[in-house]
Amino acid sequence: MNLDTALTLVFMVMASLLVATMASKRAFRSSPLFFAYVCFDLAATAAGLAIYLDVGLSMRYWSIFLFGIAGDFLLYFCVLAELGKNLLRINRNALPRWQLATWIFAGAAVLIFALSRWTAEPGRSWLSNMYLFGMRATAIVQFAGFLALISWSSLRKLRWPERELQIATGLGINVFAWFLVALLHAWWTSGPAYHWLDQGGQAVQLIALAYWLHFFLISAPREDPARKSAEECDSQRSRDESKMVSRRDLARGVPPR
């Protein structure tokens with residue numbers, strides 16, 4: 001067994017433990033998109049490893065690999081949106097101002113793209129260069145999205161609850177590592193160093209998984225399945241407040257609206 005296979009197997013074991021822990025504590029009720037994000041990465045990794053062990057680096061393997069990258073990319077931004085939505089729900093008096101987050105994201109992405117190296121390597125094929133550029137662009141956009149979420153919440157002075165803070169911290173560790181790997185690939189485009197960078201990114205990904213696993217296993221409380229969702233609680237609270245206002249108006253002789 002080589003190091004790549006070993007890292008993949010460790011990832012699958014840790015991701016399976018995280019999924020099982022979140023399911024047992026019903027954490028998927030409050031963070032369904034993050035739960036789906038972990039499940040998708042686990043399923044895509046398992047499928048890719050099974051195909052690789054069966055037929056090697058075939059077209060089937062690369063199809064699963066590209067599908068996994070695309071799904072991870074989309075679900076990652078869904079998780080960022082879920083974190084932002086939860087922050088606004090907890091900080092009830094804060095206005096969304098999604099335009100601010102969009103401008104921060106665009107500015108960060110343009111700046112990082114401008115500072116990155118985009119020259120094609122003469123020793124690599126056209127397809128190989130496109131693969132490098134695609135992986136680098138994906139890492140940059142994901143890192144810019146994370147910076148946008150953090151900057152937006154800081155400018156809005158939003159309070160971060162423990163669960164959302166732990167999820168965001170793990171995401172930050174992961175995307176920053178792969179962002180560095182993507183930038184360093186521009187300088188080490190071949191040879192052992194190129195492969196070591198990928199293995200380093202996988203190792204940091206395991207650290208992020210261990211971080212999440214520790215939180216959900218040790219610190220996160222088990223969610224009551226009978227408890228109403230946060231949206232239902234907020235809706236009920238708003239209805240109760242409206243009833244109280246109506247009663248006060250009637251007591252003062254104000255006609256109902």
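**Exercise 1.** In this predicted model, decide whether W62 counts as buried, partly exposed or exposed, and find which surface patch W62 helps to make.

*Solution.* Begin with the relative accessibility of W62, which is 35%. Since buried means under 20% and exposed means over 50%, a value in between makes a residue partly exposed, and W62 therefore counts as partly exposed. Next, locate the residue: W62 lies in helix 3. Finally, look at its partners on the surface, where W62 joins Y52, L53, L57 and M59 in making a nonpolar patch of about 560 Å². Helix 2 (32-55) and helix 3 (59-90) each supply at least two residues of that patch.

**Exercise 2.** Check how well the length of helix 2 agrees with the span expected from 1.5 Å a residue, and then describe what follows the helix.

*Solution.* Helix 2 has 24 residues, and because the expected span is 1.5 Å times one less than the number of residues, the helix should span 34 Å. The C-alpha atoms at its ends are 34 Å apart, which agrees with the expectation. After the helix comes G56, whose phi is positive, near 80°.

**Exercise 3.** Work out which residues of helix 2 are buried, which helices they pack against, and what F34 touches.

*Solution.* The buried residues of helix 2 are F34, F35, Y37, V38, F40, D41, L42, A44, G48, L49 and I51. These buried residues pack against helix 1, helix 3, helix 6 and helix 7. Taking F34 as an example, and leaving aside its neighbours within four places in sequence, we find that F34 is in contact with M22, V79, E82, I167, W212 and F216. F34 is also, together with L171 and F216, among the residues with the most contacts inside the largest nonpolar core, which has 47 residues. Seven helices, from helix 1 (3-24) through helix 7 (192-219), each supply at least two residues of this core. In soluble globular proteins, nonpolar side chains tend to be buried together.

**Exercise 4.** For R26 and K157, state the sign of phi, and then place each residue in the chain and classify its exposure.

*Solution.* R26 has a positive phi of about 55°, although it is not a glycine, and K157 likewise has a positive phi of about 55° without being a glycine. R26 is found in the loop between helix 1 and helix 2, while K157 lies in the loop between helix 5 and helix 6. With a relative accessibility of 29%, R26 counts as partly exposed, whereas K157, with a relative accessible area of 74%, is exposed.

Notes: Residues are numbered from 1 along each chain as its sequence is written. This is a predicted model: local features need pLDDT of at least 70, side-chain atom pairs count only at pLDDT 80 or more; totals for chains, interfaces and linings use all residues. Side-chain values use heavy atoms; hydrogens and water are left out. Patches are made of residues with over 30% relative accessible area and no salt bridge: like charges are joined within 9 Å, nonpolar side chains (Val, Leu, Ile, Met, Phe, Trp, Tyr) within 5 Å. Accessible areas come from the Shrake-Rupley method with a 1.4 Å probe; for residues, only the protein chains shown count as cover. A salt bridge is a side-chain nitrogen of Lys or Arg within 4 Å of a carboxyl oxygen of Asp or Glu. Helices (H or I, at least four residues) and strands (E, at least two) are DSSP runs, numbered from the N terminus. Buried means under 20% relative accessible area, exposed over 50%, partly exposed in between (1.4 Å probe, protein chains only). A nonpolar core is a set of buried Ala, Val, Leu, Ile, Met, Phe, Trp, Tyr and Cys residues joined through side-chain atoms within 4.5 Å. Contact means heavy atoms within 4.5 Å.
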